[in-house]
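Q: Please take a close look at one helix of this predicted model, and describe how its two sides differ, what it packs against and how its charged side chains are paired. A short account of the fold around the helix would help to place it.

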Amino acid sequence: EAIVRNYLVTNPEVLSEAITALGKHEQQKVFASLLSQGNDPSIGPKDAAITIVEFFDYNCGYCKAATDWVFEQVDDRQGDVRVVIKEFPILSESSVEAAKAALAADRQGKYREMHAALMRSRDLTPEGIEKTARSVGLNIDRWKKDMASDAVLIQIDQVMEQGENAGIRGTPGFFINGLFLNGFDKARLQRLVDDARKEAKAAKSAG
């Protein structure tokens with residue numbers, strides 16, 4: 001014990017490296033648990049080398065600002081990014097209604113369209129949300145039924161629990177191949193994606 005203690009006192013950077021490694025390991029465990037819920041809406045190929053998990057709220061201005069960047073990651077024709085979207089309505093009751101509306105749209109294969117439209121919308125009243133649903137071509141009777149279903153409520157509750165366990169305290173919250181970044185810092189997020197892409201290419205070359 002004395003030898004170990006003396007070594008750590010003499011080489012404190014080793015302890016710092018160990019703490020950093022432990023932190024990354026814990027983030028990877030959290031990331032794996034977030035991907036275990038198979039009913040989350042997602043955009044992009046399921047076997048993508050890069051997976052982005054986003055926790056968001058439709059009333060969050062920073063989430064709205066991040067929307068274009070998020071879509072750009074799967075629309076850039078490289079085909080190596082998948083975005084898993086976590087409905088995390090923490091700001092108001094209208095956030096909950098919008099989340100229910102989007103998940104109900106997902107059951108008609110129109111999640112992306114509804115999600116994008118709700119992010120652009122400034123009217124998240126029940127009337128405004130229904131108007132948005134009509135604008136993306138949903139079957140309204142089916143949509144209303146799904147929106148009120150236990151399955152949708154349970155799905156939101158599961159994500160809320162996941163967010164709490166992951167330490168999400170605000171929106172947006174991003175995990176990029178396991179590395180967490182809170183808030184919308186476009187430059188830092190892009191660096192994480194670029195670094196993940198380099199790592200994936202290096203691993204592929206080595207394999």
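A: The chain of this predicted model contains 9 helices and 5 strands, and, read along the sequence, these follow the pattern α-α-β-β-α-β-α-α-α-α-α-β-β-α. Of the 207 residues in the chain, 43% are buried, and the accessible surface comes to about 11500 Å², with 52% of that surface belonging to carbon and sulfur atoms. Among the contacts with a separation of 6 or more, 74% are between residues 24 or more positions apart.

The 5 strands form an open sheet with mixed pairing, in the order S1-S3-S2-S4-S5, and its edges are strand S1 (42-43) and strand S5 (179-182), each of which pairs on one side only. Strand S2, residues 50-56, is mostly covered, with 7 of its 7 residues buried. That cover extends to both faces of S2, since Ile50, Ile52, Glu54 and Phe56 are buried on one side, and Thr51, Val53 and Phe55 are buried on the other. S2 runs parallel to strand S3 (residues 81-87), to which 7 bridges join it, and within this pairing Thr51 stands opposite Arg82 in S3. Strand S4 (residues 173-176), by contrast, runs antiparallel to S5 and is joined to S5 by 4 bridges, with Phe174 having Leu181 in S5 as its bridge partner. As a general matter, strands of a sheet pair through backbone hydrogen bonds, in either a parallel or an antiparallel manner.

The part chosen for the close look is helix H6, which spans residues 126-135 and whose buried residues are Gly128, Ile129, Thr132 and Ala133. Viewed down the axis of H6, these buried residues fall within an arc of 145 degrees, and they therefore line one face of the helix. On the face turned away from that buried side, H6 carries the exposed residues Pro126, Glu127, Lys131 and Arg134. The packing partners of the buried residues of H6 are helices too: helix H4 (93-106), helix H5 (111-120) and helix H7 (140-147).

The segments on either side of H6 add further detail. Ser121 lies in the loop between H5 and H6 and is buried, with a relative accessible area of 14%. Apart from its neighbours within four places in sequence, Ser121 is in contact with Lys64 and Thr132, and Thr132 is itself one of the buried residues of H6. Just after H6, Gly137 adopts a positive phi of about 85 degrees.

The charged side chains of H6 can be followed from Glu130. In general, side chains of opposite charge can pair when their charged atoms come close. Glu130 meets Arg134 in a salt bridge with an N to O distance of 2.9 Å, and the two residues, being 4 residues apart in helix H6, are separated by about one helical turn. Glu130 also forms a salt bridge with Lys144, where the closest N and O atoms are 3.4 Å apart. Because Glu130 lies in helix H6 and Lys144 in helix H7, this second pair ties together parts that are 14 residues apart in sequence. As for solvent exposure, Lys144 counts as partly exposed, at 41% relative accessibility, while Arg134 is among the exposed residues on the outward face of H6. H7 is thus linked to H6 through the salt bridge of Glu130 and Lys144, and H7 is also one of the helices against which the buried residues of H6 pack.

These pairs belong to a total of 9 salt bridges in the structure. Helix H5, another of the packing partners of H6, takes part through Arg112, which forms a salt bridge with Asp75 in which the closest N and O atoms are 2.6 Å apart. That pair links distant parts of the chain, with Arg112 in helix H5 and Asp75 in helix H3 (residues 61-75), 37 residues apart. Both of its members are partly exposed, Arg112 with a relative accessible area of 31% and Asp75 with one of 42%. Elsewhere, Asp76, Asp80, Asp194 and Arg197 are linked in a network of salt bridges.

Disulfides do not contribute to the picture, as the structure holds 0 of them. Two of the cysteines can still be placed by their burial: Cys60 has a relative accessible area of 5% and is buried, and Cys63 is buried with a relative accessible area of 0%.

Terms used. Residues are numbered from 1 along each chain as its sequence is written. This is a predicted model: local features need pLDDT of at least 70, side-chain atom pairs count only at pLDDT 80 or more; totals for chains, interfaces and linings use all residues. Side-chain values use heavy atoms; hydrogens and water are left out. Buried means under 20% relative accessible area, exposed over 50%, partly exposed in between (1.4 Å probe, protein chains only). Contact means heavy atoms within 4.5 Å. Accessible areas come from the Shrake-Rupley method with a 1.4 Å probe; for residues, only the protein chains shown count as cover. Two strands pair if DSSP finds at least two bridges between them. The arc is that of the directions from the helix axis to the C-beta atoms. A disulfide is a pair of cysteine sulfur atoms within 2.5 Å. A salt bridge is a side-chain nitrogen of Lys or Arg within 4 Å of a carboxyl oxygen of Asp or Glu.
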